[in-house]
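Me: Could you take a close look at the aromatic rings in this model for me? I'd like the geometry and the cut-offs behind each term.

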Amino acid sequence: MNPLKILMCSPEFFEVNYSGNEFMKGNIDNVNKEKAMSQWTHLKSVYKDLGYEVVLIEPVKELVDMVFTANQSLPFLDAEGNKKVILSKMKNDQRKNEVKYFKDFYLRRDYAVIELPDEIRYFESMGDCVIDYERNILFGGYGFRTEEKTYDFIANYTDFKIVKLKLINPVLYHLDTCFSIINSDTAVIQKSAFDETGLNSIKDSFKTIIYAEEKENLDYFVCNCHCPDGKNVIVQRGSIKFIEDITKTGLNLIEVETGEFMKSGGSVFCMKIMIY
């Protein structure tokens, strides 16, 4: 079942004040906060215009990355339709404390909360889990921010079919930087992010693969696009080949500006999570 709500967090305290990935290195103290707020507000309005209820979690002053709500939790419905959530274990120390605020958020919304065992050291949820809700398939990236064995734990609590994808390009550190589901027939990927086994798994899972150009993905984060309803593709403004590829599918393309957040390594997909 497709989630019908979008969880976001205001970038009131967003900034780049440490180097946690390749995109952040040249952007320390380089965020225009007024512009960031404007970009985030517009993205929120796009989801509202598409008919989604946007739910907000309160930002926390010292947690500058809370705006990237894809990373702290994996919400799902169990076989009986009960709301449950698996909490993350963030790899970077600067983000570890975010998770407890999301735990409180889900408890207030009557989710059953599941925490990872001690032997799993890190898991960054829907930064590495991209779900095809129509077919109930969870594509799970691992290698940089999520341990492979996490998916064995997830399999015990969910009824997703899990397709594990090893990430091999350290610049593309999350699955959502190199893979996005457009619909059950189509996915967009950055080929250099995957080994041969992963590429074959993706090819076996989709009729159509849109291959992003390397430079275009790094410049415009096209693989961090989001298609919430199988009809509307939301993506950072500026790409050329990706626009052509989406236009050929007959889907509607919605370009937004997320440039301030890209300085921290995130764009559309990172700035939201779909919840129940």
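Reply: Happy to; here is a walk through the ring pairs, and then the lysines that sit over rings.

First, the ground rules: this is a predicted model, in which local features need pLDDT of at least 70, side-chain atom pairs count only at pLDDT 80 or more, and totals for chains, interfaces and linings use all residues. Residues are numbered from 1 along each chain as its sequence is written, and side-chain values use heavy atoms, with hydrogens and water left out.

A pair of aromatic rings is described by the distance of the centres and the angle of the planes. Rings of Phe, Tyr and Trp (for Trp, its six-membered ring) pair if their centres lie within 6.5 Å; planes under 30 degrees apart count as stacked, over 60 as edge-to-face and the rest as tilted. The structure holds ten aromatic pairs. One of them joins tyrosine 106 and tyrosine 111, with 4.8 Å from centre to centre and 70° between the planes, an edge-to-face arrangement. Tyrosine 106 and tyrosine 111 are both buried, where buried means under 20% relative accessible area, exposed over 50%, and partly exposed in between (1.4 Å probe, protein chains only).

Phenylalanine 153 and tyrosine 157 make another aromatic pair: the centres are 4.8 Å apart and the planes are at 40°, a tilted arrangement. Both residues belong to helix α3 (residues 150-157), where they are four residues apart, about one turn of the helix. Helices here are DSSP runs (H or I, at least four residues), as strands are (E, at least two), numbered from the N terminus. Phenylalanine 153 counts as buried because its relative accessible area is 13%, whereas tyrosine 157 counts as partly exposed because its relative accessibility is 37%.

Rings also gather in a group: Phe14, Phe68 and Phe261 form one aromatic cluster.

Finally, the charges. A charge sits over a ring if NZ of Lys or CZ of Arg is within 6 Å of the ring centre and within 35 degrees of the ring normal. Lysine 91 places its charged end over the ring of tyrosine 122, at 4.5 Å from the ring centre. The charged end of lysine 191 likewise sits over a ring, that of tyrosine 211, with 5.7 Å to the centre.
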